[in-house]
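Subject: Structure handover

Hello,

Here is the structure I promised to pass on. Please open it next to this email and follow along.

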Amino acid sequence: MSKPKILVTGGVGFIGSHTVVELYNAGYEPVIIDNLNNSEAFILDRITQITGQKPVFFKGDVCERADLQALLEQHSDIAGVIHFAAYKAVGESVQHPLKYYHNNVSGLVVLLQELQAKGINNLVFSSSCTVYGQPEINPVTENSPVQKAESPYGNTKQICEEILTDTVKVSDTKAIALRYFNPIGAHDSALIGELPLGVPNNLVPFITQTAIGKREKLTIFGSDYNTVDGTCVRDYLHVVDLAIAHVRAIERLLNNESTDKLEIFNLGTGKGSSVKEVVDTFVAETGVNFNFVYGPRRDGDVEQVYADTTKANNVLGWKTQRDLKNMLVTAWEWEKSLSKK
Ligand code: UFG
């Protein structure tokens with residue numbers, strides 16, 4: 001008998017699609033809702049190629065109550081929800097704050113209301129290490145102070161965590177918020193991966209697009225930080241490891257293993273890598289050289305942040321398996337496969 005049905009909002013996106021694959025691998029039956037605003041329908045066929053299963057897909061929006069109602073009416077046996085559907089571009093959120101507050105905050109509120117109406121109590125929420133801002137001490141634990149958000153995007157993640165804190169107190173809802181560090185890489189099959197819209201904001205898609213010739217050169221933002229080589233340090237983790245953490249989290253909720261009604265976990269490797277180290281590792285592992293220059297610092301960037309993963313390791317029972325080399329090689333294989341598409 002297959003395991004329960006899990007609703008995956010934003011299940012066609014980067015992390016969502018990898019999570020759908022891992023849900024199948026673990027025996028669950030994913031049901032996807034995605035408005036395809038920032039994802040492409042061909043990814044659904046790719047999921048089928050990888051898993052041999054055709055996911056149930058609803059083209060719809062979590063902000064639209066009617067979409068959720070129709071879905072939940074048809075799938076009254078959904079046992080839990082993994083909620084990815086959200087906008088995620090920091091710079092765009094500064095330009096269009098209401099778009100971000102509407103989609104990310106209202107989306108969660110409407111989703112929670114409709115889930116409560118159907119008695120669906122288990123929710124895994126996509127949060128971000130952005131809530132820590134520039135931490136005074138690295139690595140950061142889940143108890144490190146949450147700092148005032150640098151962008152409307154970051155603020156939506158903080159507000160959503162607060163909405164969950166308030167909601168679990170007075171309802172049967174149980175939630176796990178996962179604070180991701182920097183997810184990169186792609187599935188080993190090179191059939192799914194990150195699909196940035198337009199010019200990528202994030203480091204690794206920019207590197208792979210430059211290496212393949214779509215971009216002229218990478219600009220490394222800042223070389224005078226107080227870090228190992230002057231460039232910013234982040235905790236990069238493989239998207240497949242991250243996807244597996246979501247399966248573990250929903251399992252924890254379904255099995256009533258949680259000790260609090262809202263639990264928070266940092267998801268990273270625990271190891272910081274500098275931008276220059278990422279560039280060097282990419283070149284060493286792929287043998288592909290590309291142009292890069294040092295430019296000024298980017299507004300809003302924190303100097304250094306990496307995770308203390310003790311709680312995720314010991315309580316969630318999850319640990320990353322893949323290293324930076326594997327993250328960059330799989331991201332490169334994905335970029336090459338996209339260029340052939
Ligand atoms: N970087 C460059 N050049 C580029 C792009 C990025 O040097 O062209 C550098 C950035 O300055 C930063 C590092 O690469 O030092 C990583 O930048 P990303 O944009 O890939 O990732 P961020 O750490 O800035 O942002 C990520 C997520 C956000 C999340 C944030 C939390 O994209 O969603 O982590 O800190 F909010």
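Which residue in S6 stands opposite valine 124? It is isoleucine 176. Keep in mind throughout that this is a predicted model.

The sheet

That pair sits in a parallel pairing. Strand S5 covers residues 122–128. Strand S6 covers residues 174–180. Seven bridges join the two strands.

Now widen the view. Seven strands make up an open sheet. Their order is S3-S2-S1-S4-S5-S6-S11, and the pairing is parallel. Strand S3 (56–59) and strand S11 (262–267) are the edge strands. Each of these pairs on one side only. From one strand to the next, the twist averages 20°.

The ligand

Next, turn to the ligand. It is surrounded by 20 residues. The closest are Asn202, Leu203, Thr219, Arg234 and Asp301. By class, the shell divides into 10 nonpolar, six polar and four charged residues.

Three polar contacts are worth finding on screen:

- Asparagine 182: an N or O atom of the side chain is 2.9 Å from an oxygen atom of the ligand.
- Asparagine 202: a polar side-chain atom lies 2.8 Å from an oxygen atom of the ligand.
- Threonine 219: a polar backbone atom is 2.8 Å from a nitrogen atom of the ligand.

How much of the ligand does the protein bury? Taken alone, the ligand exposes 680 Å², and the protein buries 89% of that.

Two elements give two or more residues to the shell: helix H7 (203–212) and strand S8 (218–221). Strand S8 gives the most, with four residues.

Aromatic pairs

The count of aromatic pairs is six. One of them joins tyrosine 87 and tyrosine 100. Their centres are 5.4 Å apart, with 50° between the planes. Is that stacked, edge-to-face or tilted? The pair counts as tilted, because planes under 30 degrees apart would be stacked and planes over 60 would be edge-to-face.

The pair links distant parts of the chain, 13 residues apart. Tyrosine 87 is in the loop between strand S4 (78–83) and helix H4 (90–95). Tyrosine 100 is in helix H5, residues 97–117.

Backbone points

Three places in the loops deserve a look.

Start with proline 139, in the loop between S5 and helix H6 (152–169). The peptide bond from asparagine 138 to proline 139 is cis. Its omega is near -5°.

Then go to leucine 36, which lies in the loop between strand S2 (29–34) and helix H2 (42–51). Leucine 36 is not a glycine, yet its phi is positive, at about 60°.

Last, find asparagine 256. This residue is in the loop between helix H8 (239–254) and S11. Its phi is near 55°, again a positive value in a residue other than glycine.

Over to you.

Best wishes

Terms used: Residues numbered from 1 in each chain as written. Predicted model: local features only at pLDDT ≥ 70, side-chain atom pairs only at ≥ 80, totals over all residues. Heavy atoms only, no water. Pairing = 2+ DSSP bridges. Axes fitted to C-alpha atoms, helices over the stretch in contact; angles between N-to-C directions. Near = heavy atom within 4 Å. Polar contact = N/O pair within 3.5 Å; in protein donor to acceptor, adjacent residues only side chain to side chain. Areas by Shrake-Rupley, 256 points an atom, 1.4 Å probe, with all protein chains shown as cover. Nonpolar A, V, L, I, M, F, W, Y, C, P; charged D, E, K, R; others polar. Phe/Tyr/Trp six-rings, centres within 6.5 Å; stacked < 30°, edge-to-face > 60°.
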